[in-house]
Amino acid sequence: MKKILILFLVPLFILSACGNDDESNQKEDVSKNDGENQSIEVDKGLLNVEVTLPASFIDTEEENHEQMIADAKADGVKDVVVNDDGSFTYKMSKAKHKEMLAEMKKGLLETIDEIKNSEDYVSIIDVKHNKSFTEFTLMVDQDLFENSFDSFATMGIGMSAMFYQLFTGASVDDYKVSIDIVNEESGAVIDTVVYPDAFEE
């Protein structure tokens, strides 16, 4: 799962340039490290935000680290620190963090819209979700769905929704994305997929 996560996560740091606000030491810890169950930490100051990516999410090839840092700085991230435990801390303005979250939300909504309207997922009639993007419902034509690969659509939704939650400060114990597959005609739940649990199966 970790290899899959890093492929989705790195581009999120280079959405746009960071501002040059003064640093504040005030922090709001919203997650804890617990052995292998490390979460993304979002430390919010008055003017700056530090997003720490745990070592478990980082590419283990050290030669790729310099490129990751260079790419982030080239796109405006103010600073990138490699911590002793192998985690990476990205520093950006609070305004930029807010902008990144807005971009992530926009991308998630676009993903949902594409799935609803794409000819690649003909069995999926509609996609519904709650405000926090923790619960989704895929309304499907069951016969078409069960004879297709349309279930892969849940991965795109699940990944995008997980990262949105993590960057809002959810801990690894709290972030879950539950996706119900529902027969559009009868209203019966065909299946329920829960991320990130599905990656362990």
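# A walk through the predicted model

Start by selecting residues 79-82 and 88-93: these are strands E3 and E4, which run antiparallel and are joined by four bridges. Strands (E, at least two residues) and helices (H or I, at least four) are DSSP runs numbered from the N terminus, and two strands pair if DSSP finds at least two bridges between them. Click on Val 80 and you'll find its bridge partner, Tyr 90, in E4. Five residues sit between the strands of this hairpin, and Gly 86 takes a positive phi near 95°.

Before going on, some housekeeping. This is a predicted model, so local features need pLDDT of at least 70 and side-chain atom pairs count only at pLDDT 80 or more, while totals for chains, interfaces and linings use all residues. Residues are numbered from 1 along each chain as its sequence is written, and side-chain values use heavy atoms, with hydrogens and water left out.

**Zoom out**

Colour by secondary structure: the protein chain has five helices and eight strands. From the N terminus, the order reads α-β-β-α-β-β-α-β-β-α-α-β-β. Of the 201 residues, 42% count as buried; that means under 20% relative accessible area, with exposed over 50% and partly exposed in between (1.4 Å probe, protein chains only). Take contacts (heavy atoms within 4.5 Å) between residues at least 6 apart in sequence: 58% of them join residues at least 24 apart.

**Helix H3**

Next, select residues 94-117, which make up helix H3. Put a distance between the end C-alpha atoms and you get 35 Å; the 24 residues, at 1.5 Å each, should span 34 Å, so the two agree. The expected span here is 1.5 Å times one less than the number of residues. Show the side chains of Lys 96, His 97, Met 100, Leu 101, Met 104, Leu 108, Ile 112 and Ile 115: these are buried. Glu 103 is also in H3, but with a relative accessible area of 36% Glu 103 is partly exposed. From the C-alpha of Glu 103, draw a line to that of Tyr 164: they are 9.8 Å apart, with their positions 61 residues apart along the chain.

**The aromatic cluster**

Tyr 164 leads to the next stop. Select Phe 133, Phe 136 and Tyr 164, which form one aromatic cluster. Rings of Phe, Tyr and Trp (its six-membered ring) pair if their centres lie within 6.5 Å; planes under 30 degrees apart count as stacked, over 60 as edge-to-face and the rest as tilted. By this rule the count comes to three aromatic pairs. One of them is Phe 133 with Phe 136, which is stacked at 6.4 Å centre to centre and 25° between the planes. Phe 133 with Tyr 164 is edge-to-face: 5.3 Å between centres, planes at 85°. Phe 133 lies in the loop between strands E5 (124-129) and E6 (135-140), and Tyr 164 lies in helix H5 (residues 153-167), so this pair ties together parts that are 31 residues apart in sequence. Buried or exposed? Phe 133 counts as buried at 2% relative accessibility, and Tyr 164 counts as buried at 15%.

**Strands E5, E6 and E7**

Stay with Phe 133 and show the backbone: E5 and E6 form a hairpin with five residues between them, and Phe 133 in the turn has a positive phi of about 60°. E5 and E6 pair in the antiparallel sense over five bridges, with Lys 128 opposite Thr 137 in E6. Now add E7: E6 and E7 run parallel and are joined by six bridges. Here Met 139 stands opposite Val 182 in E7.

**Asn 183**

Asn 183 belongs to strand E7 (residues 177-183) and is buried, with a relative accessible area of 12%. What does its side chain reach? A polar contact of 2.7 Å joins the side chains of Asn 183 and Gln 142. Polar contacts are pairs of N or O atoms within 3.5 Å; within protein, one must be able to donate a hydrogen and the other to accept it, and residues adjacent in sequence count only if both atoms are side-chain atoms. A polar atom of the Asn 183 side chain also lies 3.1 Å from the backbone nitrogen of Ser 186.

**Last stop: Ser 148**

Finally, pick Ser 148, in the loop between helix H4 (142-146) and H5. Ser 148 is partly exposed, at 28% relative accessible area. Its side chain reaches the backbone oxygen of Phe 145 at 3.0 Å, and a polar atom of that side chain lies 3.2 Å from the backbone nitrogen of Asp 150.
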